[in-house]
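Okay, thanks for making the time, everyone. I'll put the structure up and then walk through the parts I'd like you to look at.

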Amino acid sequence: MRSAGLLVLAASALCAQSDLVLTNGKIITVDERFSIAQAVAIRGDRIVAVGTNQEISQLAGASTRRFDLKGKAVIPGLIDNHMHLLRAAATWTKEVRWDGVDSRKQAVEMLRERVKAAAPGDWIYNIGGWAHQQFADDPRPFTREELDQIAPNNPVALQESYYQVFLNSKALAMLKIEAGAPDPAEFVKGSIVRDAAGKPTGIVRGDIAGTRVVASKMPRVAPEQLEASALAMVRDMNRAGLTSVGVPGCDADPLAIFEKWKAEGHLNVRVFCMGGAAAANPDGVNRAIQQLAGMKLFQGDSYIDNVYFGESVYSPLHDAMFATKSDPAPDQLEAWRKIAMAIAQAGLPLHVHAELSGTIDAFLDQIEAINKEHPIKNLRWALAHVNQINASQLERMKKLGMYAAVHPWAVINGGIMHEGDTLYKGFGDGAYDMPPLATIQNSGIMWGLGTDGTAANQTLPFTTLSFAVTGKMAGGTKVIRQTISREDALIAHTRKNAFFVFQENNLGSIQAGKLADLVVLDRDYLTIPADQIKDIKPVMTVVGGRIVYDASR
Ligand SMILES: [Zn+2]
């Protein structure tokens, strides 16, 4: 164990008492040397010193809150560089969330509880974030009959990732999916599954386009309930150890609530938005270019800011989740390049959805051409998701000064990606390298971990860290062969992600001068058996020096 030594912000900080002092712990600082310390002192919203018990104790005075860590490990606040957090506020308290639920028995109990509390006719639902392969005790899909038995008087819609939705009879009736009648026009052709006799089985499938028809009909919380729902969501994030999130598409209504909390001094998760309107067709290209010319980023602060154009540039080139390969057309790439060229010209950072190998190559072709006219070197352009990325693409990105925002959908989709079926053929052996974590790490590129939750993936960072270290999806099945060290995984979920949200001077490590975002853990991330990483529970989460979650309370 290497001591971090006493690192102090400034001599003046020593004159004033600390507000909060944590001693007798194992402070995993995640600084550049990956130093380990015993204690940390906080004044106001910043860390003023990191060092030994003796050094830090000297900074405590009569009014200092002292916290004996009793040997517990502390890590920097976890940062997810890409989660659709604000959108989820509108449904969070209505959804039956199965993040971290690896027992089917428990999942069914949660459904039964919801049914018991619901009025007849109320929807019981969730919108992604899970897949039945995560149920270690009984990894079976749901059937219409089983859901009828659980909820005879309520419509049920359970969306598995973006793969399929399980419906009961009441839900089929509400959606007007009937035996002996044609499929309702709004559903994607072929997405409603029927048996040989034409009876709907209760399954609607077909990637995001197929599943979103059902998701769009799920009731949102009433406007006067939005704040309570957002609050419950933020509390769940803090309980999981998350303190900052990169958010594609910051929805206006929840964002206004976050702004209000910030003004009142109790915003408990930092949000860094990526926005801007993508063009949906050739006619929209010029309009998109005009809009982005007026985009103003970095007008906020370390609680809320707009930091990227993203996550889509030209939506016809938005890879579907379960497509196995892509072959972008030249005219589509031309439209993509026009918009991306304007983004470079405007000097904007770009964070763009790119999943499939064919798409990544095609985007890099365009970016290399753009780079000759408008160098992107310092604009922090990042490709997002990149589960099919390879070593030569990483090399091209490095040369361009680009970054990889890695969102392993396999954390919940691993089983689907390996199985394949009639809808979708699967990725064959290639699924074992989606994502190729060791290749990414060894490339030396700047990269960070995120989830792409709350529909495309589950949201718990220790489930993601466990996946990165063990190659096992939620529920424990090994689904990828390339794993990385727990140190590298933690760096990718903290310090590297601070860079992704343009907060590397403020966040991502426990160092004097940085904002005091940290998480006290119930067990030591660095030494417990790897299979227990997913079970780590924060006992305390601190954001800007404020205790935002305390498991004992
Ligand atoms: Zn995306």
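Let's start with strand E22, residues 518–521, which runs antiparallel to strand E23, residues 538–543, with 4 bridges joining the two. If you want a reference point there, valine 519 stands opposite threonine 541 in E23. E22 also pairs with strand E8, residues 73–76, again in the antiparallel sense, over 3 bridges. On that side, the bridge partner of proline 76 is leucine 518. And what about the two faces of E22, covered or not? Both are covered: Leu518 and Val520 on one side, Val519 and Leu521 on the other, and all of these are buried. Keep in mind throughout that this is a predicted model.

Now to the metal. Which residues coordinate the zinc ion? We have Glu311 through OE, His353 through ND1 and His385 through NE2, at 1.9 to 2.2 Å. Along the chain, the donors follow the spacing E-x41-H-x31-H. The two histidines link distant parts of the chain: histidine 353 sits in strand E18, residues 350–354, and histidine 385 in strand E19, residues 382–385, with their positions 32 residues apart in the numbering.

Are those histidines buried or exposed? With the cut-off for buried at under 20%, histidine 353 qualifies because its relative accessible area is 6%. Histidine 385 is at 0%, so that one counts as buried too.

Stay on histidine 385 for a second, because there's a backbone oddity to go with it: most residues other than glycine have a negative phi. Histidine 385 has a positive phi, near 90 degrees. Phenylalanine 298 is another one to click on, with a positive phi of about 60 degrees although it is not a glycine. You'll find phenylalanine 298 in the loop between helix H10, 285–293, and E17. At 38% relative accessibility, phenylalanine 298 counts as partly exposed.

While we're on the backbone, there are cis peptide bonds to look at as well. One joins methionine 434 and proline 435, with omega about 0 degrees. Proline 435 is in the loop between helix H14, 410–419, and helix H15, 437–443. Another cis bond joins glycine 453 and threonine 454, and there omega is about 15 degrees. Threonine 454 lies in the loop between E21 and H16.

That loop also holds glutamine 458. Glutamine 458 counts as buried, since its relative accessibility is 2%. Its C-alpha is 9.4 Å from that of alanine 131, and those two residues are 327 apart along the chain.

Next, disulfides. How many does a search of the whole structure find? Just 1. It's formed by cysteine 250 and cysteine 273, with the sulfur atoms 2.0 Å apart. The torsion about the S-S bond is about -85 degrees, so this disulfide is left-handed. Here, too, the pair links distant parts of the chain: cysteine 250 is in the loop between strand E15, 242–248, and H9, while cysteine 273 is in strand E16, residues 270–275, and they are 23 residues apart. Cysteine 250 counts as buried at 18% relative accessibility, and cysteine 273 is buried as well, at 2%.

Last topic, pockets. The largest pocket holds about 980 Å³ of space. It has 42 lining residues, and the closest to its centre are His84, Arg87, Tyr162, Ile208 and Arg212. Helices H3, H7 and H9 and strand E17 each give two or more residues to that lining. H7 provides the largest share, 4 residues. By class, you get 18 nonpolar, 15 polar and 9 charged residues.

The second largest pocket has about 740 Å³. Its lining is made of 37 residues, and closest to the centre are Asp99, Gly100, Leu460, Thr463 and Lys537. Helix H8, 226–239, and helix H16, 461–470, each supply at least two residues. H16 gives the most, with 5. The class split for this lining is 15 nonpolar, 10 polar and 12 charged.

Okay, that's my tour. Shout if you'd like me to go back to anything.

Definitions and conventions
Residues are numbered from 1 along each chain as its sequence is written. This is a predicted model: local features need pLDDT of at least 70, side-chain atom pairs count only at pLDDT 80 or more; totals for chains, interfaces and linings use all residues. Side-chain values use heavy atoms; hydrogens and water are left out. On a 1 Å grid over the protein atoms alone, a cavity is a set of points where a 1.4 Å probe fits but cannot get out, and a pocket is an open set with protein on both sides within 12 Å along at least five of seven lines; lining residues have an atom within 4 Å of a point. Grid points are joined across faces, edges and corners, and a volume is the space filled by probe spheres set on the points. Ala, Val, Leu, Ile, Met, Phe, Trp, Tyr, Cys and Pro count as nonpolar, Asp, Glu, Lys and Arg as charged, and the others, Gly among them, as polar. Donors are N, O and S atoms within 2.8 Å of the metal (3.2 Å for Na, K and Ca); water is not among the atoms, so sites may look incomplete. Buried means under 20% relative accessible area, exposed over 50%, partly exposed in between (1.4 Å probe, protein chains only). Two strands pair if DSSP finds at least two bridges between them. A disulfide is a pair of cysteine sulfur atoms within 2.5 Å.
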